[in-house]
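Hi there,

Here is the structure I promised to send over. Have a look at it first, and then read on for my notes.

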Amino acid sequence: MPAPHPIENLAINTLKLGTRRSPLALKQAQIVAAKLSQALKISCEIVGFETKGDLVLEKPLHTIGSKGLFTAELEQALLAGSIDLALHCLKDLPTEENRDLPLIALGLRESAHDLLVLSEGSLRSGHLKLADLPAGSRVGTSSLRRSAQLAHAYPALLAVNIRGNVGTRLAKLQDPAQDLSALILAEAGLSRLGLCDGSQCQLDLLEFTPAPGQGALALQASASLDPLLAARLAAVLEEPSEKICLLVERAFLAGTGGGCQTPLGAHALVSSTDQISLQVFLAGLSDGAVIQSEYVFERENAPDRAYELGSSLRSQIA
């Protein structure tokens, strides 16, 4: 007897997959749509949205609010029923649970590293890493975390706010009027866009601990989505060891109460069958104090312990 069609009992032929309209977001949606189509024999219609974070580009992210800058419009579309699923970069999602809009899959993580992208002028001068750049060099980033990490590890360099999609920021890097020596971007985004090359420098996770969930994607749905379909979608996109690490990172973020307005990094790894290691970075906005350390938890209670750790460290940073 032939195996049943993966979703033949659900009477679904097409799913509408919502995403931001940036080239990177659309590329990520294409990757997910292809995986779902291949595994479940179903078509995905990609529906693009512009979010507040995409439209307000003249201000640093941390000055325009930290809740749902890149997700609210997609969540409204889910609630309205105009899309079936919403695809997000996990790091963009607030940690508060929404029973009406559960996250049904976390995964597909590319590299969590940050990447140093150097200007043509820097490359011509033989400046191949941050330590090579002259004092006063301007390094572009839209991240408060990266700015704090740069100030901590390379105080002679100057972080400059640069907003826009990946292509826009790369164009600004080569614009003489911007006077930039380098950019710091997520390696995952450049990799998915096919823009990684040998001139770029992968930054150390200890110096530039990434944002919680960096490089990973999240699939969100309405609570009314058929639970059998939700389970099958998760089975295609999730990997257990990767998921537990993402849950630990988000638990730490939730414990600190952090968001775009907090210079915070967290990166978890499965260090053994029963343990999770968590590298964290947390900086104070008023006094510049930094907490940078590694913690090890038993796997079975790692998210709870990470939340408790975040709550404890929050009180130590002004």
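Below is what I found, going from helices to enclosed spaces and then to single residues.

Please keep in mind that this is a predicted model.

**Two helices with a buried face**

Let me start with α8, which covers residues 227-237. Its buried residues are L229, A230, L233, A234 and L237. Looking down the axis of α8, you will find these within an arc of 135°, so they line one face of the helix. The cover over them includes the strands β1 (14-20), β3 (85-89), β4 (103-107) and β10 (217-221), along with helix α1 (23-40). The start of α8 has a polar contact too: a side-chain oxygen of D226 comes to within 2.8 Å of the backbone nitrogen of L228.

Helix α6 (residues 166-173) can be read in a similar way, with V166, R169 and L173 as its buried residues. Down the axis of α6 they fall within an arc of 70°, so here too the buried residues line one face of the helix. Among the elements that cover them are α1, β5 (114-118), β8 (182-186) and α7. At the start of α6, it is N165 that places a side-chain oxygen within 3.1 Å of a backbone nitrogen, that of G167.

**Enclosed spaces**

How many cavities of 30 Å³ or more does a search of the whole structure find? It finds two.

The largest cavity has a volume of about 70 Å³. Its lining is made up of T19, R20, A25, Q28, F70, L87, H88, C89 and D92. The elements β1, α1 and β3 each give two or more residues to that lining, and β3 gives the most, with three. Sorted by class, the lining of the largest cavity holds four nonpolar, three polar and two charged residues.

The second largest cavity has about 30 Å³ of space. Lining this one are L87, A105, G107, L108, L217, A218, L219 and L237. Two or more residues come from each of β4 and β10, with β10 providing the largest share, three residues. By class, the lining of the second largest cavity has seven nonpolar residues, one polar and no charged. You may recognise L237 in that lining, as it is also one of the buried residues of α8. L87 deserves a look as well, since L87 appears in the lining of the largest cavity and in that of the second largest cavity.

**An open pocket**

There is also the second largest pocket, with about 430 Å³ of space. It is lined by 23 residues, and those closest to its centre are T95, E96, E97, L103 and R250. The elements that give two or more residues to this lining are β4 and α9 (240-256), and α9 contributes the largest share, five residues. By class, the pocket lining has eleven nonpolar, five polar and seven charged residues.

**Loop residues to click on**

Is H127, in the loop between α4 (120-124) and β6 (138-141), buried or exposed? Its relative accessibility is 18%, so H127 counts as buried. Leaving out residues up to four places away in sequence, H127 touches L118, S122, D132, L133 and P134. The C-alpha atoms of H127 and S181 are 9.1 Å apart, although 54 residues separate the two along the chain.

Q200 sits in the loop between α7 (187-192) and β9 (201-202). At 15% relative accessibility, Q200 also counts as buried. The side chain of Q200 has a polar atom 3.0 Å from the backbone oxygen of L195, and this side chain also reaches the backbone nitrogen of D197 at 3.0 Å. Beyond its neighbours within four places in sequence, Q200 is in contact with L115, L116, V117 and L195.

Finally, there are two residues to check for their backbone angles. K41, in the loop between α1 and β2 (43-49), has a positive phi of about 55° without being a glycine. K41 is exposed, with a relative accessible area of 55%. L108 likewise is not a glycine and has a positive phi of about 55°. L108 is found in the loop between β4 and β5, and it is also among the residues that line the second largest cavity.

Happy browsing, and best wishes!

Technical notes
Residues numbered from 1 in each chain as written. Predicted model: local features only at pLDDT ≥ 70, side-chain atom pairs only at ≥ 80, totals over all residues. Heavy atoms only, no water. Buried < 20%, exposed > 50% of the residue type's maximum accessible area, 1.4 Å probe, protein only. Helix = DSSP H or I, 4+ residues; strand = E, 2+ residues; numbered from the N terminus. Arc of directions from axis to C-beta. Contact = heavy atoms within 4.5 Å. Polar contact = N/O pair within 3.5 Å; in protein donor to acceptor, adjacent residues only side chain to side chain. 1 Å grid on protein atoms, 1.4 Å probe; cavity = no way out; pocket = protein on both sides within 12 Å on 5 of 7 lines; lining within 4 Å. Points joined across faces, edges and corners; volume = space filled by probe spheres on them. Nonpolar A, V, L, I, M, F, W, Y, C, P; charged D, E, K, R; others polar.
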